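Welcome, and thanks for opening the viewer. Let's take a short walk together, one selection at a time.

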Amino acid sequence: MSSVAASIPVDAIPRSRRARATFALVGNPNSGKSTLFNRLTGLRQKTANYPGVTVEKHIGTALLDGTPLDLIDLPGIFSLTPDSADERIAVEVLLGRVAGTPEPDGILAVVDATRLYQGLYLLQQLAEIGRPMVVVLTMADAAARLGTRFDIEKLSAKLGEIPVVSVVATTGKGLVDLKRELALAMTAEPRPLASFWPPLRAAAQQLLSGADTGSAGPGLQEVERSLVEEDPVATERLVALQGPDIVTQIEKARAELFQGEPGLAVEARHRYGWIRGVLDEVQSAAPPIARWGSFVVDWMNRPYPATVLFFVVMALVFQAVFAWATPFMDLIDAATTGLGESIRQFLPDGVLQSLIVDGVIAGVGSVIIFLPQILILFLFIILLEDTGYLARAAFLVDRAMRPVGLSGQSVIPLLSSFACAVPGIMATRAIPDRRDRIATILAAPFLTCSARLPVYALLIAAFVPSQTIGVVNLQGIVLFGLYMLGIAGGIGTALVLRRSALRGPKPNFVLALPAFRLPNLRTVAIALLDRVKVFLRRAGTVIFLVAVIVWALAYFPRSAAVEADAAAARAVAEASYAGVELTQQLARVDNEAAAAHLEQSALGRVGKVVEPVFTPLGWDWKISAAVIAGFPAREVVVAVLGTIYAVGAEADESSLADRLRSARFADGSRVFTLPMVLGLLVFYAWCLQCVATLAVIRRETNSWRWPVFAWAYMTVLGYLGALLIYQIGSRIAA
Amino acid sequence: MTLADLRRGDRARIESIDSRDKSVQRLMTMGLVEGAEVVYLNASLGGDPLELDVYGMSVSLRREQARCFGVSRMGAKPDVQRRG
């Protein structure tokens with residue numbers, strides 16, 4: 001038996017009465033809400049284990065025997081008292097206080113059978129709203145394994161005849177019953193106002209008595225919440241409705257209800273008292289099935305095994321990103337080089353050939369090659385999230401975060417930022433305190449994101465010898481050092497901010513830790529595919545565009561004088577040499593002509609203008625121009641270098657790394673010396689070259705102050721870091 | 001005796017709560033109220049934060065908050081003790 005009031009078939013409801021309605025999908029974090037949402041709507045949506053990852057407003061449409069029902073998937077909450085930004089969104093939507101989102105017509109509440117104790121707290125509050133409501137009991141199969149059985153009919157009766165349906169979201173068992181209940185709820189009359197805490201309801205009704213209920217004043221639910229939470233906004237609205245005398249009445253009601261204790265504490269005692277009574281009646285014990293899995297998990301959660309596991313996981317991710325990706329990267333490299341070469345054969349020399357080979361293929365290809373690394377990195381982050389491991393990592397690292405002035409809550413956004421700062425910054429919505437949250441937001445862009453990888457990989461492969469010292473590779477050490485540099489930058493920033501502009505109370509670490517679970521392959525695949533699309537879209541639009549623009553700037557204007565000089569030099573060479581020597585001479589002439597063209601091109605002139613700013617860092621005008629072009633998106637710099645160096649390349653230098661190695665200043669000295677390369681790497685570790693990150697900081701902090709500060713601060717820090725390393729390094733080398 | 005004084009595998013009943021702190025009120029909303037039974041599951045490295053089982057849900061909190069919950073020890077959860 002999986003549903004209660006299931007006697008009326010859908011067809012019995014007149015079609016005319018089935019208007020299009022919107023239901024809110026609400027539940028505790030990790031209750032299987034998003035999986036159910038996917039099941040009902042078929043719409044793609046991310047589900048993960050960390051409480052509070054569903055931060056966007058997700059709307060989908062479920063079809064109930066052909067009738068559409070819109071569902072809003074809300075962030076997970078424990079109660080109607082929000083503690084963080086994403087919980088606030090959920091509560092505001094539920095109470096109809098979000099502009100542009102109408103108050104939901106009904107509620108689809110999800111409750112995890114293995115955590116029914118906590119789930120019933122939210123169910124009481126939701127039932128009191130008085131909207132049509134359906135309850136879904138998930139994980140009843142897991143609860144049965146743990147030794148608990150439920151009397152669903154009794155549970156429904158205790159909640160005031162709200163239908164309860166047991167659904168196994170992963171297999172879809174119970175969905176048919178659920179759809180029938182939803183169709184019934186869509187056309188149901190509003191339920192009589194129930195209360196699980198009658199004295200509070202009575203006090204709220206007393207405060208609202210005599211007022212015009214149709215006016216814009218606060219609703220019953222809002223008055224109740226304001227009594228418990230002492231919300232000043234709701235008090236103001238009540239004063240506007242009932243006059244200033246209401247304030248003394250509010251104080252009196254609070255004194256009677258709470259006896260001087262905090263309202264939330266009294267509410268929790270009252271509601272959990274009711275819950276314990278209900279659980280005794282609706283739950284019965286069954287013999288649990290012992291499983292080896294849970295034994296292993298329990299052991300792995302202990303402090304020392306968990307710490308070892310943490311480092312093993314981190315090392316594995318690191319190793320995977322750099323070792324497993326190589327064969328795929330070689331494949332992509334061979335493909336793009338081959339494509340460029342064959343196009344060079346087919347097309348005549350000239351503007352079109354140069355645009356396609358030097359602009360598009362060299363530019364976009366040099367970024368596409370990093371797709372395997374970026375995918376492996378995202379795969380791991382998604383897996384860690386989906387298995388519930390990220391919350392475990394937060395639990396482990398909480399103590400280490402304290403001296404910085406942050407808590408383990410900041411670890412989840414920061415770990416995500418190793419893939420990309422944008423989702424990382426969005427994940428800070430689960431951090432309750434605003435100051436903790438902003439400090440985490442400003443630390444996030446320092447962490448080595450996947451867009452920095454192409455720059456690091458290119459420069460390290462080109463300039464750090466692949467030498468092995470003992471068991472470690474020198475290139476690996478430099479890369480590890482760069483990751484550490486990013487972490488140091490982020491931690492240092494948080495530390496300074498928490499002691500100055502963002503000084504505030506010590507954060508706490510109250511977090512529901514999800515149970516480990518096997519990743520849902522479908523969820524992981526969908527999330528990964530999403531990242532591939534984002535990456536390819538970027539490569540196909542922004543990076544493509546920048547590559548073409550940079551190519552055009554590097555190609556035009558063509559100087560007739562340079563052409564004439566080259567033609568003359570070619571004639572001289574043909575007259576004086578023959579055979580192999582002639583070929584060599586002609587190649588030399590071509591290269592000199594290409595270099596001369598590049599230097600007087602638009603890009604050459606712009607580069608020369610900004611060059612003095614970067615001369616103290618040891619950069620020539622080409623790198624200066626590439627770095628400037630990289631400010632919208634840092635991975636563009638690789639594409640730009642690819643294009644700039646392709647335009648003036650010697651024929652035997654196939655790879656960009658080779659071309660960089662042979663780059664020289666006018667006086668013949670090498671451009672890419674070790675101090676200069678290390679400085680350039682430090683610049684990339686710290687500089688904020690990402691418009692998407694700036695936009696998300698602006699959105700999440702709701703001000704221009706923080707993105708402007710982050711950009712200026714990180715740019716200055718990157719410049720100073722590069723300056724220091726180059727100046728000191730070249731003195732030591734000299 | 002407070003929650004902070006428990007050892008791994010201990011089962012305890014919450015007897016009194018100093019509910020002034022906001023994060024303590026949050027913990028109460030998650031089910032840590034007088035009369036509730038909890039099991040001390042784990043501590044992180046260095047003994048802080050703690051992980052408790054509260055009727056099937058794992059809740060983590062710092063020792064500072066744990067000291068706000070007065071408890072009486074009810075013995076050890078059998079299966080946890082065997083493993084401990």
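Which residue of chain A forms a salt bridge with Arg62(B)? Select Arg62(B), and you will find Asp398(A) as its partner, with the closest N and O atoms 2.8 Å apart. Please keep in mind throughout the tour that this is a predicted model.

**Stop 1: around Asp398(A)**

Stay with Asp398(A) and show the helix it belongs to: H17 of chain A, residues 389–401. Is Asp398(A) buried or exposed? Its relative accessible area is 0%, so Asp398(A) is buried. The side chains of Asp398(A) and Arg62(B) also make a polar contact at 2.8 Å. Now display the surroundings of Asp398(A). Setting aside neighbours within four places in sequence, you will see Ser407(A), Gly408(A) and Phe509(A) in contact with Asp398(A), along with Pro49(B) and Arg62(B) from the other chain.

**Stop 2: where the two chains meet**

Zoom out and colour the chains separately. How many residues of chain B are in contact with chain A? There are 38 of them, and they touch 42 residues of chain A. The size of an interface is often given as the accessible area lost when the parts come together. Here chains A and B bury about 3,600 Å² between them, with 52% of it on carbon and sulfur atoms. On the chain B side, Arg26(B), Thr29(B) and Arg62(B) lose the most area to chain A, together 21% of what that side buries.

The interface of these chains has seven salt bridges, and 21 residue pairs are in polar contact between chain B and chain A, counting pairs with both residues at pLDDT 80 or more. To see what chain B brings, select H1, strand E2 (37–43), strand E3 (50–54), strand E4 (57–61) and helix H2 (63–66) of chain B: these are the elements that give two or more residues to the side touching chain A. Of that side, H1(B) gives the most, with seven residues.

**Stop 3: Asp83(A) and Arg26(B)**

Next, select Asp83(A) and Arg26(B). They form a salt bridge whose closest N and O atoms are 3.4 Å apart. Asp83(A) sits in the loop between strand E3 (67–73) and helix H2 (85–94) of chain A, while Arg26(B) is in helix H1 (residues 22–29) of chain B, so this pair joins two chains. The two ends have their own surroundings: Asp83(A) is partly exposed at 28% relative accessibility, and Arg26(B) is buried at 13%.

**Stop 4: a network within chain A**

Side chains of opposite charge can pair when their charged atoms come close. Over all chains, the whole structure holds 29 salt bridges. For one of them, select Arg225(A) and Glu229(A), which meet at 3.0 Å, N to O. Both are in helix H8 (residues 220–229) of chain A, and because they are four residues apart there, about one helical turn separates them. Arg225(A) is buried at 6% relative accessible area, whereas Glu229(A) is partly exposed at 24%.

Now move to helix H11 (residues 263–282) of chain A, where Glu267(A) and Arg271(A) are also four residues apart, about one helical turn. Their salt bridge has its closest N and O atoms 2.9 Å apart. Glu267(A) is buried, with a relative accessible area of 0%, and Arg271(A) is buried with 0% as well. Select Glu128(A) together with Arg225(A), Glu229(A), Glu267(A) and Arg271(A), and you have one network joined by salt bridges that share partners.

**Stop 5: strands of chain A**

Switch to a cartoon view and pick strand E5 (residues 133–138) of chain A. Six of its six residues are buried, so E5(A) is largely enclosed by the rest of the structure. Met133(A), Val135(A) and Leu137(A) point one way from the strand, and Val134(A), Val136(A) and Thr138(A) the other.

What lies beside E5(A)? Strand E4 (residues 106–112) of chain A runs parallel to E5(A), joined by six bridges, and Val111(A) has Leu137(A) as its bridge partner. Add helix H3 (residues 116–129) of chain A, and E4(A), the helix and E5(A) make a right-handed β-α-β unit. E5(A) also pairs in the parallel sense with strand E7 (residues 164–166) of chain A over three bridges, where Val135(A) is partnered by Val164(A).

For a last selection, show strand E2 (residues 58–64) of chain A with E3(A): the two run antiparallel, joined by seven bridges. Ile59(A) stands opposite Ile72(A). The two strands form a hairpin with two residues between them, and in the turn Asp65(A) has a positive phi of about 55°.

How values were computed: Residues are numbered from 1 along each chain as its sequence is written. Chains are lettered from A and ligands numbered from 1 in the order in which they are written. This is a predicted model: local features need pLDDT of at least 70, side-chain atom pairs count only at pLDDT 80 or more; totals for chains, interfaces and linings use all residues. Side-chain values use heavy atoms; hydrogens and water are left out. Buried means under 20% relative accessible area, exposed over 50%, partly exposed in between (1.4 Å probe, protein chains only). A polar contact is a pair of N or O atoms within 3.5 Å; within protein, one must be able to donate a hydrogen and the other to accept it, and residues adjacent in sequence count only if both atoms are side-chain atoms. Contact means heavy atoms within 4.5 Å. A salt bridge is a side-chain nitrogen of Lys or Arg within 4 Å of a carboxyl oxygen of Asp or Glu. Two strands pair if DSSP finds at least two bridges between them. A crossover is right-handed if, with the strands pointing away from the viewer, the path from the first strand over the helix to the second runs clockwise. Buried area is the accessible area (1.4 Å probe) that two parts lose on being put together, summed over both.
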